[in-house]
Amino acid sequence: MTKNRKNTLVLVLSILVCMISFLIINLLNFNIPENGNRSGNGNLALAGYPFAIASAISILIFGSLLCIKLLRRLSRVWSIVSLLIFITIQVLLYEGFVNHFYKKIDYLGGGPKELSSFIIDMGWVNTYTNDMYFNVYSFFTVLVLPIIISSLIRLIKKA
């Protein structure tokens, strides 16, 4: 098996593992019950964090390597165009992530300054906040960043 095929296979497997771990983390995210009682049974989603983080790092590395090889075969114009397009997409993803984050903080009763906040009682990483960090915006950011990184490398590096 050639090195390109191995890198592609690792990238595809990393994307699958990342997607599955993000989904599991979100499925294990709790909603605040109607009566306002908090669950203190532990955060099962923490078991998915290492898989999500490791696969995201793998996507960044192998995705960047494969995109660099692809962009080397194309003219620098493609690097500029892809950089502009994917930076625009990244800005939109960032805006969505920030909006989701603040909506979640409001849903949890405010930030750490609010006395009735779930965040004061349970910390920033708990069964109610998993989807603040592992959500569709952060997943697609992991997919977009290798293209941005490789486009920048292609433009900076003489080839």
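**Exercise 1. Which residues of α2 meet which residues of α6 in this predicted model, and at what angle do the two helices pack?**

Start with the contact lists. On the α2 side you'll find A56, I59, L60, G63, S64, C67, I68, L71 and R72. Their partners in α6 are V142, L143, L145, P146, I147, I149, S150, S151, I153 and R154.

Next, the geometry. Two packed helices are described by the angle between their axes and the distance between the axes. Here α2 spans residues 49–73 and α6 spans residues 136–156. The packing angle is about 40°, and the axes are 8 Å apart. That makes α2 oblique to α6.

Last, the handedness: the crossing of α2 past α6 is right-handed.

**Exercise 2. How many disulfides are there, and why?**

Recall what we're after: a disulfide is a covalent bond between the sulfur atoms of two cysteines.

Take C18 and look for the closest cysteine sulfur. That sulfur sits in C67, 15 Å away, which is too far for a bond. The cut-off is 2.5 Å between the sulfur atoms. Now run the search from C67: the closest cysteine sulfur is the one in C18, again 15 Å off and too far for a bond. The count comes to zero disulfides.

While you're there, check accessibility. C18 counts as buried at 0% relative accessibility, and C67 is buried too, with a relative accessible area of 18%.

**Exercise 3. Where does C18 lie, and which residues does C18 touch?**

First, place C18: helix α1, residues 3–27.

Then list the contacts, skipping residues up to four places away in sequence: C18 touches A52, S55, A56, I59 and F139. Two of these names, A56 and I59, also turn up on the α2 side of the contacts with α6.

For a distance check, use Y49. C18 and Y49 are 31 residues apart in sequence, with their C-alpha atoms 9.8 Å apart in space.

**Exercise 4. How many salt bridges does the count come to, and which parts does the pair D131 and K104 tie together?**

The idea behind the search is simple: side chains of opposite charge can pair when their charged atoms come close.

Go through the candidates and the count comes to one salt bridge. D131 pairs with K104, and the closest N and O atoms are 3.2 Å apart, inside the 4 Å cut-off. D131 belongs to helix α5 (residues 130–133) and K104 to helix α3 (residues 76–107), so the bridge ties together parts 27 residues apart in sequence.

Finally, are these residues buried or exposed? D131 counts as buried at 12% relative accessibility, and K104 counts as buried at 7%.

Methods:
Residues are numbered from 1 along each chain as its sequence is written. This is a predicted model: local features need pLDDT of at least 70, side-chain atom pairs count only at pLDDT 80 or more; totals for chains, interfaces and linings use all residues. Side-chain values use heavy atoms; hydrogens and water are left out. A salt bridge is a side-chain nitrogen of Lys or Arg within 4 Å of a carboxyl oxygen of Asp or Glu. Helices (H or I, at least four residues) and strands (E, at least two) are DSSP runs, numbered from the N terminus. Buried means under 20% relative accessible area, exposed over 50%, partly exposed in between (1.4 Å probe, protein chains only). Axes are lines fitted to C-alpha atoms, for helices over the stretch in contact, and angles run from 0 to 180 degrees between N-to-C directions. Angles under 35 degrees count as roughly parallel, over 145 as roughly antiparallel, 65 to 115 as roughly perpendicular and the rest as oblique. A crossing is left-handed if the near helix is turned anticlockwise from the far one by less than a right angle, and right-handed if clockwise. Contact means heavy atoms within 4.5 Å.
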